[in-house]
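Student: Let us go through this structure by question and answer. Please show it to begin.

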Amino acid sequence: MSEKLIDVKNISFSYSKDSPLIFEDISFSVERGDVLCVLGPNGTGKTTLIKTLNKLHDINSGEIILNGKNIKKLSFRDISKSIGYIPQGHVPSFPFTVFDVVLMGRSPYIGLSSSPRLRDKKIAEDALKTLGIHHMRDKEYTNLSGGERQLVFLARVLAQEPDVLILDEPTNHLDFGNQIRLLQILEQLSELGMAIIMSSHYPDHAFLVANKVAIMKDKKFLAFGKPEDVITEDNLKETYGMEVIIRDVGEGRKTCIPLKSDFKLEMDNYASKFQSKKQDS
């Protein structure tokens, strides 16, 4: 029988009692080795949903079960031992070394008045080696590129030794090559038994690494299931309001090709001003 690491049951969320629901009646589960990709348009609540999964936001109703326990009854330290979280953007404030940043991932296992043990330091070293960035251990984190910082932050999360890795748009701000490299790393981590939940704007990324996909729209999941069942031309048109063609590119891979729409700006007013400006010059 498969082991559910996170079991989400009919959850809803709003920022206050008087504000409208951001999402409602969301249910899903992830097991060891799963990669769940959550797709959806901007402002649909993907980031908010992700933050409820590690109790950064408290849900209004429903249940989130983490390793068999209701997340409401768990401390943030307990949650951090099971869940690693990488937010959308991380702006470094202090020039810590790469090694020190990764070592911070051991915080859930170190008391407030204690220092890192040799075991903690070895785990941090191993995380750097796993991601192939051990050569950067003594560099200042603030001096790294966006792609390098993302790998360092991922190493920090690996040092937590979590069962579940949650990433909010992890390929945002990465160039094409680093996007694919990061997705390959996530795929390898899932093969080792880690469950991964990620949000994305790119359906192609779900085809590359996910075995489960959710499309979020109008406060609910429009669809949930296998990538080939969920990422369809009809679902993408309903979600993003544009025509999309899905093509098999061989070797079991599919890709999404957006088509140009008949949308056109009202350019007459701008065009006349532009022409007048050219004549005046």
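Student: Which residues have the most contacts inside the largest nonpolar core?

Tutor: The model is a predicted one. Its largest nonpolar core holds 49 residues. The residues with the most contacts inside that core are Val-102, Val-152, Leu-165, Leu-186, Leu-189 and Ile-231.

Student: Which helix gives the most to this core?

Tutor: One helix, spanning residues 146-159, supplies seven residues to the core. That is the most given to this core, and the helix is H5.

Student: How many residues are in the second, separate core?

Tutor: This core is separate from the one just described. Among its members are Ile-6, Leu-66, Ile-166 and Met-216. The number of residues in the second core is 29.

Student: What does Ile-231 touch, not counting residues up to four places away in sequence?

Tutor: Ile-231 is one of the residues with the most contacts inside the largest core. With residues up to four places away in sequence left out, Ile-231 touches Leu-39, Pro-203, Ala-206, Phe-207, Val-213, Leu-236, Ile-246 and Cys-256.

Student: Why is strand S9 described as largely enclosed or largely open?

Tutor: Strand S9 covers residues 212-217, six in number. A residue counts as buried under 20% relative accessible area. Five of the six meet this, so the rest of the structure leaves S9 largely enclosed.

Student: Do S9 and S3 run parallel or antiparallel, and which residue of S9 is the bridge partner of Leu-39?

Tutor: Strand S3 (residues 35-39) is joined to S9 by four bridges, and the two run parallel. Leu-39 has as its bridge partner in S9 the residue Ile-215.

Student: Which residue in the hairpin of S9 and S10 takes a positive phi?

Tutor: S9 is joined to strand S10 (residues 220-225) by five bridges, and these strands run antiparallel. Across this pairing, Ala-214 stands opposite Phe-224 in S10. The hairpin has two residues between the strands, and the residue with a positive phi, near 55°, is Asp-218.

Student: How much space lies in the largest cavity?

Tutor: The count gives one cavity of 30 Å³ or more. Lining the largest cavity are Thr-52, Lys-55, His-57, Asp-58, Ile-59, Ile-64, Ile-71 and Lys-72. By class the lining has three nonpolar, two polar and three charged residues. The space in the largest cavity is about 40 Å³.

Student: How far apart in space are Glu-3 and Val-30, C-alpha to C-alpha?

Tutor: Glu-3 lies in the segment before strand S1 (4-13). Beyond its neighbours within four places in sequence, Glu-3 is in contact with Val-30, Glu-31, Arg-32 and Asn-67. Glu-3 and Val-30 are 27 residues apart in sequence, and their C-alpha to C-alpha distance is 8.5 Å.

Notes:
Residues numbered from 1 in each chain as written. Predicted model: local features only at pLDDT ≥ 70, side-chain atom pairs only at ≥ 80, totals over all residues. Heavy atoms only, no water. Contact = heavy atoms within 4.5 Å. Core = buried A, V, L, I, M, F, W, Y, C linked by side-chain atoms within 4.5 Å. Buried < 20%, exposed > 50% of the residue type's maximum accessible area, 1.4 Å probe, protein only. 1 Å grid on protein atoms, 1.4 Å probe; cavity = no way out; pocket = protein on both sides within 12 Å on 5 of 7 lines; lining within 4 Å. Points joined across faces, edges and corners; volume = space filled by probe spheres on them. Nonpolar A, V, L, I, M, F, W, Y, C, P; charged D, E, K, R; others polar. Pairing = 2+ DSSP bridges.
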